[in-house]
Amino acid sequence: QVQLVESGGGLVQAGGSLRLSCAASGRTFSRYAMGWFRQAPGKEREFVAAISWSGVTTSYADSVKGRFTVSRDNAKSTVYLQMNSLSPEDTAVYYCAARGRTSPSRGYYVTEDLYDYWGQGTQVTVSS
């Protein structure tokens with residue numbers, strides 16, 4: 001079983017930055033493709049960013065491309081989401097997800113059903 005714990009959320013003004021962290025348990029974190037999703041009030045959860053287990057390949061939603069950066073530190077079993085130039089439209093609960101199934105070293109995944117484990121989420125609120 002894998003447990004994911006997000007942290008780093010909070011309240012920030014528009015134009016500001018936050019860095020989210022997701023710490024994972026489990027000895028095989030280095031083989032998990034990871035993703036970040038978010039859910040705004042009244043909306044469905046949506047893809048934000050993904051990273052392959054090797055860290056070589058990343059993918060971003062168009063809405064965050066150029067502002068957000070996903071990275072990972074396999075030695076610390078942690079994945080990060082650096083969020084810059086935040087706007088009120090980024091307000092949401094942010095979730096990290098891990099794919100426990102086998103994936104190629106450059107594989108990344110943008111849909112929820114391809115992930116097996118989820119964190120509890122961390123709230124990000126951006127004020128105007």
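Student: How many aromatic pairs does the count come to?
Tutor: This is a predicted model, in which local features need pLDDT of at least 70, side-chain atom pairs count only at pLDDT 80 or more, and totals for chains, interfaces and linings use all residues. Residues are numbered from 1 along each chain as its sequence is written, and side-chain values use heavy atoms, with hydrogens and water left out. Rings of Phe, Tyr and Trp (its six-membered ring) pair if their centres lie within 6.5 Å; planes under 30 degrees apart are stacked, over 60 edge-to-face and the rest tilted. By this rule, the number of aromatic pairs is six.

Student: What kind of pair do tyrosine 109 and tyrosine 115 form?
Tutor: The two ring centres of tyrosine 109 and tyrosine 115 are 6.4 Å apart. Their planes stand at 90°, and an angle over 60 degrees settles the class. The pair is edge-to-face.

Student: Why is the pair of tyrosine 115 and tryptophan 118 given its class, and what is that class?
Tutor: The ring centres of tyrosine 115 and tryptophan 118 are 6.2 Å apart. Their planes meet at 65°, so the class is edge-to-face.

Student: Is tryptophan 118 buried, partly exposed or exposed?
Tutor: Buried means under 20% relative accessible area, exposed means over 50%, and partly exposed is in between (1.4 Å probe, protein chains only). Tyrosine 109, at 12%, is buried, and so is tyrosine 115, at 5%. Tryptophan 118 has 26% relative accessibility, so its class is partly exposed.

Student: Which residues form one aromatic cluster?
Tutor: Tyr109 and Tyr115 form a pair, and Tyr115 also pairs with Trp118. The cluster consists of Phe37, Phe47, Tyr109, Tyr115 and Trp118.

Student: Over which rings does the charged end of arginine 45 sit?
Tutor: A charge sits over a ring if NZ of Lys or CZ of Arg is within 6 Å of the ring centre and within 35 degrees of the ring normal. For arginine 45, one ring centre is 4.8 Å away, in tyrosine 95. The other is 4.0 Å away, in tryptophan 118.

Student: How many residues apart are glutamate 112 and arginine 45, which meet in a salt bridge?
Tutor: A salt bridge is a side-chain nitrogen of Lys or Arg within 4 Å of a carboxyl oxygen of Asp or Glu, and here the N to O distance is 3.0 Å. Glutamate 112, at 30% relative accessible area, is partly exposed, as is arginine 45 at 25%. Strands are DSSP runs of E with at least two residues, numbered from the N terminus. Glutamate 112 lies in the loop between β9 and β10 (117-118) and arginine 45 in the loop between β4 and β5, and their separation along the chain is 67 residues.

Student: Which residue meets arginine 67 in a salt bridge?
Tutor: Arginine 67 lies in the loop between β6 (58-60) and β7 (68-73), and its relative accessibility of 18% makes it buried. Its partner is also buried and lies in the loop between β8 and β9, so the pair ties together parts that are 23 residues apart in sequence. The N to O distance is 2.8 Å, and the partner is aspartate 90.

Student: Which residues are linked with Arg67 in a network of salt bridges?
Tutor: The structure holds six salt bridges. One of them joins Arg67 to Asp90. The residues linked with Arg67 in the network are Arg38, Glu46 and Asp90.

Student: Which residues have the most contacts inside the largest nonpolar core?
Tutor: A nonpolar core is a set of buried Ala, Val, Leu, Ile, Met, Phe, Trp, Tyr and Cys residues joined through side-chain atoms within 4.5 Å. The largest has 37 residues, and the strands that each supply at least two of them include β3 (18-24), β8 (78-83) and β11 (122-127). Those with the most contacts inside the core are Met34, Trp36, Leu81, Met83 and Tyr94.

Student: How far is the C-alpha atom of serine 21 from that of valine 79?
Tutor: Serine 21 is in strand β3 and is buried, with a relative accessible area of 16%. Among the residues it contacts (heavy atoms within 4.5 Å) are Trp36, Thr78, Val79 and Tyr80. Serine 21 and valine 79 are 58 residues apart along the chain, and their C-alpha atoms are separated by 5.8 Å.

Key. Helices (H or I, at least four residues) and strands (E, at least two) are DSSP runs, numbered from the N terminus. Lists of a residue's contacts leave out its neighbours within four places in sequence.
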